[in-house]
Amino acid sequence: MNSTLTSEFYSTIIQHSHDMITIIDPSGNYKYVSNSVELHFGFKPSELVGNNALHHIHSDDLPYIFELLESIKIQKQIKVKPFRYLHQNGSWRWLGMVLTNMLDNPIIQGYVTNSRDITEEIELARMREKSEAYYKALFFNHPDLVFTMNENGLINESNDSVSRVSGYLLEEVVGKHFTHYIATSHLQEAMQAFRKVISGGAHTFETRIVNKKQELLDLSVTLVPVWLGNRITAVHCIAKDITQIKLSERLLTEQAAQLSNILGSITEAFFALNKEWCFTYANRTFANYFKVPAGNIINCNIWQNSPELVHTLFYHKCLQVMVTGEAIEFEEYIETIQATTSYKIYPFEDGIAVCFTDITAKNTAQNELKKLSLVASKTTNGVIITDKKEK
């Protein structure tokens with residue numbers, strides 16, 4: 001009586017088990033398949049019993065399964081590494097399985113398999129591996145300085161670029177507060193940026209650090225909060241060494257200022273036009289001559305600003321220099337300003353540069369001298385020209 005109840009009890013447990021339980025013979029043919037196979041793989045037990053289990057295994061996994069069937073002959077139980085099993089809908093599912101040798105059991109006379117669909121676990125593990133690979137690539141192999149701080153600002157981890165740029169070894173960085181490396185002049189701004197990130201917002205700013213040689217380095221820094229649940233547990237930092245960039249910017253600024261001073265000191269009026277015919281520079285002499293602040297015309301189109309010039313020789317000469325790239329010198333009387341002007345127009349990479357001088361007074365003096373010379377040449381009397389002091 002108890003034996004019958006025990007058999008029914010175990011039969012019920014097996015038939016309603018979440019795992020798929022099967023019995024296969026030494027050739028791999030199904031002798032028994034539990035009902036759970038339909039729930040997980042779409043097959044009815046009757047569709048599998050009598051068929052070979054190897055037909056449902058992915059071809060890439062078959063060599064391993066063949067080795068397994070040889071090994072189980074001399075072992076009692078083997079925990080099988082995951083392999084792919086064919087679903088009734090044609091997709092492949094990953095199985096985790098324990099294979100037990102029960103050939104010596106007169107009731108079983110085969111291999112018992114306890115299998116479980118672990119496809120989701122495999123996919124999650126692969127996603128974790130992929131995420132870890134991405135993380136390692138972005139963190140450890142990143143060419144810029146990358147490190148992580150806890151919510152108090154202590155450095156937990158850093159990549160090799162931190163040591164390469166700062167000169168400090170990994171063990172000299174980990175556990176230190178990030179402010180230990182910030183230049184005093186930039187300390188307050190760096191602390192404000194860190195507090196902003198701890199409050200929940202990413203932040204990008206420029207700062208300066210002091211390397212191991214006590215040299216100042218310029219960095220462009222991006223801080224990103226790391227959330228775990230509903231709280232920030234760390235701050236991720238990516239910093240780019242921009243020391244050379246900032247040095248170049250300072251040199252360019254100094255050179256630009258020096259060039260501006262040089263151009264500003266030229267006694268001739270001078271201005272530059274880009275290829276869109278807009279003013280990019282005008283010196284003080286130009287501004288004084290036209291009684292207009294030089295800054296008021298920068299980025300203004302010369303032909304739109306002074307449309308009357310379109311009908312001048314100056315206009316056509318500017319076009320010529322822009323097209324040919326060859327410098328030109330000429331003189332022209334400009335009606336609108338009632339002045340004769342001497343021009344020198346030079347090409348450069350971004351447009352043309354123009355130097356001009358008002359030679360009206362000079363020409364007038366020369367003309368007067370010519371007239372006087374003509375009068376003197378026609379008279380028979382002696383002519384003496386003196387200055388105001390009769391010299």
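## A walk through the predicted model

Let's begin with S34, which sits in the loop that joins β2 (30–33) to α2 (36–41). Keep in mind as we go that this is a predicted model. S34 has a relative accessibility of 0%, so this serine counts as buried. Its side chain has a polar partner: the side chain of S36 makes a polar contact with that of S34, at 3.1 Å.

From here, move along to helix α4 (residues 62–71). Which of its residues are buried? They are L62, I65, L68 and L69. Looking down the axis of α4, you will find these buried residues within an arc of 110 degrees, so they line one face of the helix. Helical geometry helps here: an α-helix has 3.6 residues a turn, so residues three or four places apart point the same way. And what lies over the buried residues of α4? The cover includes the strands β1 (20–24), β3 (77–86), β4 (92–102) and β5 (110–117).

Two further contacts belong to this part of the tour. K81 lies over the face of Y64, 4.6 Å from the ring centre. D61 and R84, for their part, join their side chains in a salt bridge with an N to O distance of 3.0 Å. This pair links distant parts of the chain, since D61 is in the loop between α3 (45–48) and α4 while R84 is in strand β3, 23 residues apart. Is D61 buried or exposed? With a relative accessible area of 11%, D61 is buried.

That salt bridge has company, as the structure has 13 salt bridges in total. As a general point, side chains of opposite charge can pair when their charged atoms come close. A good place to see this is around K246, where the side chain of K246 meets that of E206 in a salt bridge of 3.1 Å, N to O. Here too, distant parts of the chain are linked: K246 belongs to helix α9 (residues 243–265) and E206 to strand β8 (residues 203–210), 40 residues apart. K246 also forms a salt bridge with E249, with 3.5 Å between the closest N and O atoms. In this case both residues are in helix α9, three residues apart, or about one turn of the helix. Taken together, E206, K246 and E249 are linked in a network of salt bridges. Both acidic members are partly exposed: E206 has a relative accessible area of 40%, and E249 has one of 39%.

Next, have a look at T233 in strand β10 (residues 231–241). Its relative accessible area is 19%, and the cut-off for buried is under 20%, so T233 counts as buried. Leaving aside residues up to four places away in sequence, T233 touches N150, E151, V226 and L228. The C-alpha atoms of T233 and M149 are 8.9 Å apart, although their positions lie 84 residues apart along the chain.

We finish with the aromatic residues, where the structure holds 20 aromatic pairs. One of them is the tilted pair of F270 and Y281, with 6.0 Å from centre to centre and 55 degrees between the planes. F270 is in strand β11 (residues 269–274) and Y281 in strand β12 (residues 279–282), so the pair ties together parts that are 11 residues apart in sequence. Both of these residues are buried. Elsewhere among the aromatics, one cluster is formed by F271, W277, F279, F286, Y289, F290, W303, F314, Y315, F330, Y343 and F356.

Key
Residues are numbered from 1 along each chain as its sequence is written. This is a predicted model: local features need pLDDT of at least 70, side-chain atom pairs count only at pLDDT 80 or more; totals for chains, interfaces and linings use all residues. Side-chain values use heavy atoms; hydrogens and water are left out. Helices (H or I, at least four residues) and strands (E, at least two) are DSSP runs, numbered from the N terminus. Buried means under 20% relative accessible area, exposed over 50%, partly exposed in between (1.4 Å probe, protein chains only). A polar contact is a pair of N or O atoms within 3.5 Å; within protein, one must be able to donate a hydrogen and the other to accept it, and residues adjacent in sequence count only if both atoms are side-chain atoms. Rings of Phe, Tyr and Trp (its six-membered ring) pair if their centres lie within 6.5 Å; planes under 30 degrees apart count as stacked, over 60 as edge-to-face and the rest as tilted. A charge sits over a ring if NZ of Lys or CZ of Arg is within 6 Å of the ring centre and within 35 degrees of the ring normal. The arc is that of the directions from the helix axis to the C-beta atoms. Contact means heavy atoms within 4.5 Å. A salt bridge is a side-chain nitrogen of Lys or Arg within 4 Å of a carboxyl oxygen of Asp or Glu.
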